[in-house]
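The following exercises concern the strands, sheets and nonpolar cores of one protein chain. Please work through each task before reading its solution.

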Amino acid sequence: DAIFAIIKNNKTKLIDVGEVNGVIFINHAWLGSYYYIMKMREKHKDILGKSKILKALTNIFWMFKHLPIYEFKIESDEHAGTYKTCLIFISTNESSSSPFHFGTRALMSTGLLDINIINCHTRMQLLKCMLSVLLLGYKKSKYVKQFPIQELTISSSHTQVNIVLDGETLKLESPLIFACLKNK
């Protein structure tokens, strides 16, 4: 109803979008194991159907069975470092830290990307991370490094990096150059 009211009243609002290596994304980018989760969902979509619970349980099982660890070098004016991680989540603007409202944003035009790096190298750390995110939210979890930034470069030792942009799986050349494009 709210969307139809906006269309009916002909009101528009400019929002920030993200860009990585010239490819635009509206909401979020995922690096790491989420790419394989999305591929698995595509492969088994007839079995999983539309059940969010079944998809979540399948994702958790897959993550514990196959915990790939990636090494990414992150560089910007404010942050630099090498991270071993199973997952990096990048959102246009700051996301909600609540696991039940994950990915929702109160503001759509801050001009900043919200970077979230999961610091899990083992299955036990992943379990602890999931529990702390459920109980505390990801901003208070010691397993998540979170920071806002306008531009960022992420490098990998691989020539191509598997990435998910707004639910679409892609392979992009390394390094990945991220930027927030304000009010596009």
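**Exercise 1.** Which residues have the most contacts inside the largest nonpolar core?

*Solution.* The coordinates come from a predicted model, in which local features need pLDDT of at least 70, side-chain atom pairs count only at pLDDT 80 or more, and totals for chains, interfaces and linings use all residues. Residues are numbered from 1 along each chain as its sequence is written, and side-chain values use heavy atoms, with hydrogens and water left out.

Step 1. A nonpolar core is a set of buried Ala, Val, Leu, Ile, Met, Phe, Trp, Tyr and Cys residues joined through side-chain atoms within 4.5 Å; buried means under 20% relative accessible area, with a 1.4 Å probe and protein chains only.

Step 2. The largest such core holds 24 residues, and Leu31, Ile90, Ile154, Ile163, Leu176 and Phe178 have the most contacts inside it.

Step 3. At least two residues of this core come from each of E3, E4 (70-75), E6 (87-92), E7 (113-118), E8, E9 (151-156), E10 and E12 (176-181). Strands are DSSP runs of E, at least two residues in length, numbered from the N terminus.

Step 4. Another core, of 18 residues, lies apart from it and includes Cys86, Leu87, Ile118 and Tyr143.

**Exercise 2.** Determine the strand order of the sheet that contains E3, and locate Leu31 in its pairing.

*Solution.* Step 1. Two strands pair if DSSP finds at least two bridges between them. The open sheet has 6 strands in the order E8-E7-E6-E3-E10-E11, with antiparallel pairing.

Step 2. E8 (144-149) and E11 (168-173) are the edge strands, each pairing on one side only.

Step 3. E3 (residues 28-32) is joined to E10 (residues 160-165) by 3 bridges. Opposite leucine 31 stands isoleucine 163 in E10; both residues are among those with the most contacts inside the largest core.

**Exercise 3.** Where does E9 lie in the other open sheet, and what does Ile154 contact?

*Solution.* Step 1. Here 6 strands run in the order E2-E1-E12-E9-E4-E5, again with antiparallel pairing; E9 thus stands between E12 and E4. The edges are E2 (23-25) and E5 (80-85).

Step 2. E4 and E9 are joined by 4 bridges, and the partner of lysine 73 in E9 is serine 155.

Step 3. Beyond its neighbours within four places in sequence, isoleucine 154 is in contact (heavy atoms within 4.5 Å) with Leu31, Phe72, Lys73, Ile74, Ile90, Ser174, Pro175, Leu176 and Phe178.

How values were computed. Buried means under 20% relative accessible area, exposed over 50%, partly exposed in between (1.4 Å probe, protein chains only).
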